[in-house]
Amino acid sequence: MTRLKITIKDAAELLGVTTKTIQRYLAKGRLTRIKEGTRTLLLLAEVKGLGNATDMGQGHNHPVPRKTLGTGQAGDTVTLSRERYEQLLLELGELRKQNQFFLEFKGMLQAKEEAMHRLERSVDELRSRLEALELKTLEADAAGSPGESREGISPAGEKTGIKPKKPWWQS
């Protein structure tokens, strides 16, 4: 199985150039630098792709990147191969799609949380109404004579003859 990452020294040996040349390729953006701790590694596929190119960019045949920006401040100009540029564009597109998906998911999640909070408030209101009804029932029972049986009373004030059961929430 081939390694996916190699060191700068191994890349130089593979291409038959010096490590200084590999450093120049990194500065020009022709290779991708991968840092793992203090080690600098390169993608083996990029090194092999660079080795297959007819002109590896040695010498001064290529224009040297300018070190100035439009404002006169010092900066770095990075050059990339067309293949790497297209790969980065594809990755950027995928990242934007994922970002859009996560934003939509976040919106749905917030809407569900708001709905859940509304339901929790409704439950709290119903609990308080239930407690008020229980209190009224207890007051009505206490207002009745002590010798009276605890038979149920219909809304019209008539005795029903049915003994009330404890509600499920008091069990």
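Colleague: Let's start with I22. Leaving aside its neighbours within four places in sequence, which residues is I22 in contact with?

Modeller: Keep in mind that this is a predicted model. The idea is to skip the sequence neighbours and see what the fold brings to the residue. Here I22 touches I8, A11, A12, L15, V17, L31 and L42.

Colleague: And which residues have the most contacts inside the largest nonpolar core?

Modeller: For a core, look for buried nonpolar residues joined through their side chains. The largest one here has 14 residues, and I22 is among those with the most contacts inside it, along with L15, L31, L42 and V47. Helices α1, α2 and α3 each give at least two residues to this core. The largest share, 4 residues, comes from α1.

Colleague: V47 is on that list. What are the buried residues of helix α3?

Modeller: In α3, residues 44-52, they are L44, E46, V47 and L50. Now look down the helix axis: these buried residues fall within an arc of 165°, so they line one face of α3. A45 and N52 are exposed on the other side.

Colleague: What do the buried residues of α3 pack against?

Modeller: Trace the contacts from each of them. They pack against strands β1 (5-7) and β3 (39-43), and also against helices α1 (8-15), α2 (19-28) and α4.

Colleague: Let's turn to the surface. Which residues form a nonpolar patch there?

Modeller: Here you look for nonpolar side chains that sit together and are accessible. L80, Y85, L88, L89 and L92 make up such a patch, with about 410 Å² of accessible area together.

Colleague: Take L92. Where does L92 lie, and why does it count as partly exposed?

Modeller: L92 lies in helix α4, which covers residues 82-143. Partly exposed sits between the buried limit of 20% and the exposed limit of 50%. L92 has 36% relative accessibility, so it counts as partly exposed.

Colleague: Now zoom out. How many helices and strands are there in the protein chain?

Modeller: There are 4 helices and 3 strands. Read along the sequence, the pattern goes β-α-α-β-β-α-α.

Colleague: What percentage of the residues count as buried, and how much area does the protein chain expose?

Modeller: Of its 171 residues, 17% count as buried. The chain exposes about 14400 Å², and carbon and sulfur atoms supply 57% of that.

Colleague: Last one: what share of the contacts join residues at least 24 apart?

Modeller: Take contacts between residues at least 6 apart in sequence as your pool; 44% of these join residues at least 24 apart.

Terms used. Residues numbered from 1 in each chain as written. Predicted model: local features only at pLDDT ≥ 70, side-chain atom pairs only at ≥ 80, totals over all residues. Heavy atoms only, no water. Patch = residues over 30% accessible without salt bridge, like charges linked within 9 Å, V, L, I, M, F, W, Y side chains within 5 Å. Areas by Shrake-Rupley, 256 points an atom, 1.4 Å probe, with all protein chains shown as cover. Salt bridge = Lys/Arg side-chain N within 4 Å of Asp/Glu carboxyl O. Buried < 20%, exposed > 50% of the residue type's maximum accessible area, 1.4 Å probe, protein only. Contact = heavy atoms within 4.5 Å. Arc of directions from axis to C-beta. Core = buried A, V, L, I, M, F, W, Y, C linked by side-chain atoms within 4.5 Å.
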